[in-house]
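Trainee: Please take me closely through the charged pairs here, and then through what surrounds them.

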Amino acid sequence: MEQINALGRRKASVSRVYLTQGSGAITVNGKDYKEYFTQAHVQNAVVAPLKTTEVESLYDIKVNVKGGGFKGQAEATRMAISRALVKINEEFRSPLKAKKYLTRDAREVERKKYGKPKARKSFQFSKR
């Protein structure tokens with residue numbers, strides 16, 4: 001099996017995943033994924049597609065991720081891993097799609113408007 005790559009996005013994060021046959025090592029930006037993503041629930045988000053398809057120890061995964069925060073990066077990585085697994089085996093599509101790992105979450109941060117402290121929040125209004 002050659003190298004399979006896929007792209008995932010979430011909020012401001014972009015994740016590129018390279019999947020090869022191996023022992024189950026996941027490397028994110030040159031570090032082990034448990035070292036890069038320190039919180040347990042975020043680590044679970046990264047390995048969720050592998051657990052869903054039951055292939056945790058079959059593939060080595062190299063991830064390049066940039067932009068956004070740790071949660072957006074983890075969810076972008078989850079989407080990219082899911083897309084790569086579907087490229088390997090089309091039968092993985094239905095369980096991953098059922099858990100919505102292949103759906104792009106398009107919600108972005110709304111921009112700040114002039115004359116307001118945040119995107120929608122207004123300063124206190126006074127009649128007199």
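Mentor: Start with D105 and R107, whose side chains meet in a salt bridge at 2.8 Å, N to O. The term needs a side-chain nitrogen of Lys or Arg within 4 Å of a carboxyl oxygen of Asp or Glu. The model is predicted, so local features need pLDDT of at least 70 and side-chain atom pairs count only at pLDDT 80 or more, while totals for chains, interfaces and linings use all residues. Numbering runs from 1 along each chain as its sequence is written, and side-chain values use heavy atoms, with hydrogens and water left out.

Side chains of opposite charge can pair when their charged atoms come close. D105 is partly exposed at 23% relative accessibility. R107 counts as exposed, at 58%. The classes are buried under 20% relative accessible area, exposed over 50%, and partly exposed in between, with a 1.4 Å probe and protein chains only.

Now widen the view. D105 and R107 belong to a network of salt bridges that also links R10, K71 and E75. Within that group, E75 and K71 form a salt bridge of 2.7 Å, N to O. Both sit in helix α3, four residues apart, so about one helical turn separates them. Helices here are DSSP runs (H or I, at least four residues), strands are E runs of at least two, and both are numbered from the N terminus. E75 is buried at 15% relative accessibility. Its partner K71 is partly exposed at 44%.

Another salt bridge joins E108 to R104, with the closest N and O atoms 3.5 Å apart. Both ends are partly exposed: E108 has a relative accessible area of 47%, and R104 has 33%. A search of the whole structure finds eight salt bridges.

R10 takes us from the network to strand β1. In β1, R10 lies on the covered face with I4, A6 and G8, while N5, L7 and R9 make up the uncovered face. In a regular strand the side chains alternate between the two faces of the sheet. β1 pairs with β2 in the antiparallel sense over seven bridges. Two strands count as paired if DSSP finds at least two bridges between them. I4 stands opposite L19 in β2. The two strands form a hairpin with two residues between them, and K11 in the turn has a positive phi of about 55°.

α3, the helix of E75 and K71, also feeds the largest nonpolar core. That core has 28 residues, and I26, I61 and L85 touch the most other members. Elements giving two or more residues to this core include β1 (4–10), β2 (13–21) and α3 (70–88). The largest share, six residues, comes from α3. A nonpolar core is a set of buried Ala, Val, Leu, Ile, Met, Phe, Trp, Tyr and Cys residues joined through side-chain atoms within 4.5 Å. Take L85: leaving out residues up to four places away in sequence, L85 touches P49, L50, T53, V55, Y59, F92 and L96. Contact means heavy atoms within 4.5 Å.
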